[in-house]
Amino acid sequence: MLYMRRILAIPEAVNSGSQEASFVHLHLHVSQDKTPFRGITSCEDHGATMSTLFIYHCWSWGREWKPSESGREENVKYRLPMSGMDNYPDKQFYGDAETYWQEVPATVDGMLGGYKSVDKIDIKGSKKFLQEFISGPNAKTKTRRAVDCGAGIGRVSHGLLCPLFSKVDMVEVCQKFLDQAKTYLGSSAKKVDRYICSGLQNFTPDPGRYDVIWVQWVLGHLTHKDLVAFFQRCRAGLAENGIIVVKENVADDSCTNGVIFDQDDSSVTRSHRYLKQIIKESGLRIVKEKTQTDFPKELFKVQMMVLQ
């Protein structure tokens, strides 16, 4: 998810109390077509703080959502389970995302949500950010092998990784994107060793295989627990002096300890602070961090992080 849509911010915090201890009071603007949760105007947490919740699915947990016939604003209360992501319906979260991406064109514009114009700016910023780790007098990271996680048709592999590394693996959940990559990459395809069709929640790098694990605009498709586990597996997949590079949208820290859920592609954008919390929980540290510049103002802030 690169671009902003109508969104819902939901607090994320650990709750050790009863599942019946609190509820969320949503103020909804009910659309004329009676589609749930279009145009959330506000959200209050009553009682104890919540663990990770995605309100998109809450009508399966609480009472059924019933819009008013008038199409006007109404207040609805839902009681939601408080035991966190372990009880979240992962199959539906991941399944909805796969369904979305199956309908996206296998083009650069499709990969960037209609923002093809940022492609060259993005690659330029990524190359500059990565350069000090792989070249120059203080560079320790080798350039033998990288992996492109959430590779799509290979936009990052083609523009960034293949020119810099001897071999590249691509990991992508949609087979049609990997099929298109073999054409899109052109002469760069000769550097691709493995085309791996897998969601990152199921991907386990071979131990010590990668000098660089590149992860861009895909972590929002992982639940909290799966993201922690993914980072930990990536750490084991690094060669000596290897690095993980994360390039992701971040929500403003005014959405403290929170997420923004995108119903269309079944993904979340985490607050900057919350993403760093997950990195710490994974046992990784941030070696370097920088904000991508020169993107259109309507887009989310994009952070680049080197992790070890």
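Mentor: Before we start, a strand here is a DSSP run of E with at least two residues, a helix is a run of H or I with at least four, and both are numbered from the N terminus. Please keep in mind that this is a predicted model.

Trainee: Happy to begin! How many helices and strands does the protein chain have?

Mentor: The chain runs to 308 residues, and buried residues make up 53% of them. Among contacts with a separation of 6 or more, 69% join residues 24 or more positions apart. As for elements, the protein chain has 7 helices and 13 strands.

Trainee: Which element gives the largest share of the lining of the second largest cavity?

Mentor: The structure holds 3 cavities of 30 Å³ or more, and the second largest encloses about 130 Å³. Its lining has 13 residues, with Leu219, Gly220, Glu248, Asn249 and Val268 nearest the centre. Two elements give two or more residues to that lining: strand S9 (238-250) and strand S11 (267-270). The largest share, 4 residues, comes from S11.

Trainee: Let's turn to helix H5. Around its axis, how many degrees of arc do its buried residues Phe177, Leu178 and Ala181 cover?

Mentor: Helix H5 spans residues 175-184, and Phe177, Leu178 and Ala181 are buried in it. An α-helix has 3.6 residues a turn, so residues three or four places apart point the same way. The three buried residues therefore sit on the same side of H5, since they cover an arc of only 100 degrees.

Trainee: What covers the buried residues of H5?

Mentor: The residues to be covered are Phe177, Leu178 and Ala181. Their cover includes two helices, H1 (90-102) and H2 (108-111), along with two strands, S6 (167-172) and S7 (192-197).

Trainee: And which residue with a positive phi follows H5?

Mentor: H5 ends at residue 184. The residue to look for has a phi near 60 degrees, and that is Gly186.

Trainee: Now for His272: is it buried or exposed?

Mentor: His272 is placed in helix H7, which covers residues 272-281. Buried means under 20% relative accessible area. With a relative accessible area of 11%, His272 therefore counts as buried.

Trainee: Which side chain does a polar contact of 2.3 Å join to that of His272?

Mentor: Beyond its neighbours within four places in sequence, His272 is in contact with Val250, Ala251, Asp253, Glu289, Lys301, Gln303 and Met305. One of these is joined to the His272 side chain by a polar contact of 2.3 Å, and that partner is Glu289.

Conventions. Residues are numbered from 1 along each chain as its sequence is written. This is a predicted model: local features need pLDDT of at least 70, side-chain atom pairs count only at pLDDT 80 or more; totals for chains, interfaces and linings use all residues. Side-chain values use heavy atoms; hydrogens and water are left out. Buried means under 20% relative accessible area, exposed over 50%, partly exposed in between (1.4 Å probe, protein chains only). A polar contact is a pair of N or O atoms within 3.5 Å; within protein, one must be able to donate a hydrogen and the other to accept it, and residues adjacent in sequence count only if both atoms are side-chain atoms. Contact means heavy atoms within 4.5 Å. The arc is that of the directions from the helix axis to the C-beta atoms. On a 1 Å grid over the protein atoms alone, a cavity is a set of points where a 1.4 Å probe fits but cannot get out, and a pocket is an open set with protein on both sides within 12 Å along at least five of seven lines; lining residues have an atom within 4 Å of a point. Grid points are joined across faces, edges and corners, and a volume is the space filled by probe spheres set on the points.
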